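Subject: Structure handover

Hi,

Here is the structure I promised to pass on. Please open it alongside this email.

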Amino acid sequence: MAFSRSFRSFLDSSLSFSSHSLVRFQYSQTVLLPCIFFIVKKQYGNAIRRNLFKRRSRDLYKNILKKNSGSLGLVVQPLKSNISYLDLKKCFEKLESHLYE
């Protein structure tokens with residue numbers, strides 16, 4: 001129960017950014033520890049596709065953290081189904097340029 005309250009407060013205090021009409025990001029740079037959350041509905045696809053999206057997103061998130069010091073709280077929500085790795089990478093690059101430039 002406490003986790004859902006803290007997640008809700010994170011969502012309420014975060015900023016939103018959509019990239020290429022494929023992915024919606026909600027982020028906060030004021031978190032104490034880096035964290036990533038996912039909102040992936042069943043309409044995205046079966047469990048294998050949803051887990052693939054999450055795995056790819058985690059990898060791209062780690063690359064952002066390696067390049068830029070600091071902590072970033074991030075919520076990732078796909079807006080369309082079956083997003084390719086290259087498209088997802090472009091979305092994360094656009095988020096990175098939005099945050100750090």
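Below is what I found, starting with the sheet and ending with the aromatic rings.

Keep in mind that this is a predicted model.

The sheet

The sheet is open and has 4 strands. Their order is β1-β2-β4-β3, and the pairing is mixed. The edges are held by β1 and β3 (35-38). Each of these has a single partner strand, so one side of each has no neighbour in the sheet. From one strand to the next, the twist averages 20°.

Look next at β2 and β4. Strand β2 covers residues 23-28, and strand β4 covers residues 73-78. They pair in the antiparallel sense, over 6 bridges. To find one of these bridges, go to R24: its partner in β4 is Q77.

The helices on it

Helix α2 (residues 47-67) packs on the sheet. It touches β3 and β4, and its direction makes about 155° with that of β3. Helix α3 (residues 85-100) packs on the sheet too. Helix α3 touches β1, β2 and β4. Its direction makes about 35° with that of β2.

One residue in β1

S19 belongs to strand β1, which spans residues 15-19. Is S19 buried or exposed? It is buried, because its relative accessible area is 0% and the cut-off for buried is under 20%. What does S19 touch, leaving aside neighbours within four places in sequence? Its contacts are F25, K90, C91 and K94.

The aromatic pairs

How many aromatic pairs does a search of the whole structure find? The search gives 2.

One is F25 with F92, and it is edge-to-face. The ring centres are 5.0 Å apart, with 75° between the planes. This pair links distant parts of the chain. F25 sits in strand β2 and F92 in helix α3, 67 residues apart. F25 counts as buried because its relative accessibility is 0%. F92 also counts as buried, at 2% relative accessibility. Recall that F25 is also on the contact list of S19.

Y44 and F53 form an aromatic pair as well, and this one is tilted. Centre to centre, the rings are 5.4 Å apart, and the planes make 50°. Why tilted? Planes under 30 degrees apart would count as stacked and over 60 as edge-to-face, so the angle of 50° falls in the remaining class. Both Y44 and F53 are buried.

Best wishes

Key. Residues numbered from 1 in each chain as written. Predicted model: local features only at pLDDT ≥ 70, side-chain atom pairs only at ≥ 80, totals over all residues. Heavy atoms only, no water. Helix = DSSP H or I, 4+ residues; strand = E, 2+ residues; numbered from the N terminus. Buried < 20%, exposed > 50% of the residue type's maximum accessible area, 1.4 Å probe, protein only. Contact = heavy atoms within 4.5 Å. Pairing = 2+ DSSP bridges. Axes fitted to C-alpha atoms, helices over the stretch in contact; angles between N-to-C directions. Phe/Tyr/Trp six-rings, centres within 6.5 Å; stacked < 30°, edge-to-face > 60°.
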